[in-house]
Amino acid sequence: MLEPSPPASAKNGFTGSALACRRGERLVFEGLAFSVPPGGVLVLTGANGSGKSSLLRVMTGLTPAEAGRLAWDGLAISDDPAAHRARLHFIGHAEALKPVLTAAENLVFWAGMRGGTDGAAALDRFRLGALAATPCRLLSAGQRRRLALARLVASHAPLWLLDEPLTGLDDDSVADLHEVIAAHRDAGGRIVLSTHAPLALDGAVTLALGDFAPRWPFAVPP
Amino acid sequence: MSPFRRLVARDLRLALRQGGDAATVIAFFVLTVILFPFGVGPEPLLLQRIAAGIVWVTALLAALLSLDRLFLADYEDGSLEALALMGLPLEAQVAAKCLAHWLVTGLPLTVMAPVLALLLHLRAESYPALVLGMALGTPSLSLIGAVGAALTLGARRGGVLLSLLVLPLYIPVLIFGVAACEAAGAGFAARPHLLLLAALLVLALALAPFAAAAGLRQALE
């Protein structure tokens with residue numbers, strides 16, 4: 001098999017090379033390589049089932065890659081998965097909110113688990129201040145999404161992995177998210193996100209998952 | 001607050017807000033024990049003979065009742081995935097969740113046991129052994145149960161599978177728990193049995209968090 005040579009910026013970025021991912025018996029993608037420099041954004045696009053969520057889960061370390069290597073500033077992530085977990089925020093499809101806890105309680109719990117600080121400021125950043133004492137079961141889908149995104153601001157992590165963060169957001173909230181992303185990039189943060197909607201992000205690199213679909217998805221490389 | 005204590009506090013708060021789970025366990029314990037005098041007759045000598053066994057077996061079943069929710073709610077709403085990405089090792093998180101589970105089920109069961117034993121005419125000498133035995137045995141039930149709950153996570157009809165997996169593993173706790181009561185009732189020392197229960201607890205504390213965390217990682221892949 002061809003081993004794609006790592007990109008030139010491999011020493012200074014979040015990189016993956018020759019990645020393959022298997023879900024069940026199906027090979028989702030293979031030979032995938034990417035690089036996210038500090039301040040960089042990688043946008044994952046592709047049809048449903050092309051492996052955007054799978055790639056994000058591989059990037060978190062929750063799902064082991066079938067093949068390939070992930071590295072942070074040149075150091076393999078498999079060498080120290082705990083350090084990798086500490087440097088990332090992952091916002092998946094499920095919002096991880098408890099319906100009986102209030103918005104503030106949910107946010108403070110997640111921020112606290114990471115040694116985070118200011119729940120109130122994070123709520124205000126996504127215009128949820130008025131809903132701080134509302135139980136999450138009373139929130140709308142978009143409000144729940146914003147509360148999940150507020151976790152990004154409530155505790156610091158240099159790498160954000162966002163699985164379709166725009167789902168259910170209204171125009172104002174999309175603008176909020178853009179501002180938060182811009183501030184994160186200015187501070188040298190790196191972002192990988194999957195989306196179907198067009199995003200106005202300067203210098204974002206697009207990775208089309210369809211380009212890495214295996215020719216014969218049921219063949220598992222030995 | 002440390003992440004460990006924060007997780008325990010969150011689980012306790014959820015249990016208090018929802019209320020249902022813990023209350024169901026206690027209600028099941030009380031009602032099932034009360035059924036026995038109706039079933040086998042109110043004869044004090046017979047009830048006295050089987051009192052320790054009834055209380056212990058019913059406590060095992062009551063503890064089992066709440067186990068399938070231990071990780072399932074977190075698994076379904078994505079919290080487990082997020083927790084697995086936190087700095088606190090998953091093994092410590094399992095221990096925290098077991099501690100919270102014990103506080104809302106095992107501890108009330110331990111408190112209720114002597115009250116219910118009164119209904120069954122348990123010998124007066126057996127009460128210290130019953131309470132101490134429950135205090136040492138119920139944490140083991142939560143820990144062993146966590147392994148089963150983690151392994152059956154995501155399985156269809158996981159609750160039934162969980163019972164089949166976990167009940168055989170509860171047998172040593174049952175044997176020594178009942179033996180402690182019987183020994184005390186017959187005028188022998190309950191201490192050796194209680195020490196064995198303590199040994200089981202130490203073993204479960206050392207092994208169960210690792211086994212359950214491995215099961216959770218498997219479920220999250």
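**Confidence, fold and contacts in a two-chain model**

Among the elements of chain A, strand β7 (residues 159-163) of chain A has the highest mean pLDDT, 94, and helix α4 (residues 119-125) of chain A the lowest, 85. Here pLDDT is the predictor's confidence in each residue, from 0 to 100, and the elements are DSSP runs numbered from the N terminus: helices are H or I over at least four residues, strands E over at least two. This is a predicted model, in which local features need pLDDT of at least 70 and side-chain atom pairs count only at pLDDT 80 or more, while totals for chains, interfaces and linings use all residues. Residues are numbered from 1 along each chain as its sequence is written, and chains are lettered from A and ligands numbered from 1 in the order in which they are written.

Chain A averages a pLDDT of 86, and 91% of its residues score at least 70. Over residues 5-9 of chain A the score stays under 50, and the model has six contacts beyond four places in sequence for that stretch. A contact means that the C-beta atoms of two residues, placed from the backbone, lie within 7 Å. Where pLDDT is low, the predicted coordinates should not be read in detail.

Chain B has nine helices and zero strands. Its radius of gyration, taken over C-alpha atoms, is 18 Å, which agrees with the value near 17 Å for a compact globule of 221 residues (the rule is 2.2 Å times the number of residues to the power 0.38). Along the principal axes, the C-alpha atoms of chain B fill a box of roughly 55 × 35 × 35 Å. Among contacts in chain B between residues at least 6 apart in sequence, 82% join residues at least 24 apart.

Within chain B, the axes of helix α1 (residues 3-18) and helix α6 (residues 90-119) come within 9 Å and cross at roughly 35 degrees. These axes are lines fitted to C-alpha atoms, for helices over the stretch in contact, with angles from 0 to 180 degrees between N-to-C directions. Residues making this contact include Phe4(B), Leu7(B) and Leu12(B) of α1(B), and Ala96(B), Leu99(B) and Leu103(B) of α6(B).

Helix α1(B) also takes part in the interface. In total, 19 residues of chain B are in contact with 19 residues of chain A. On the side of chain B that touches chain A, α1 and α5 (79-84) of chain B are the elements that give two or more residues, and α1(B) gives the most, with six.
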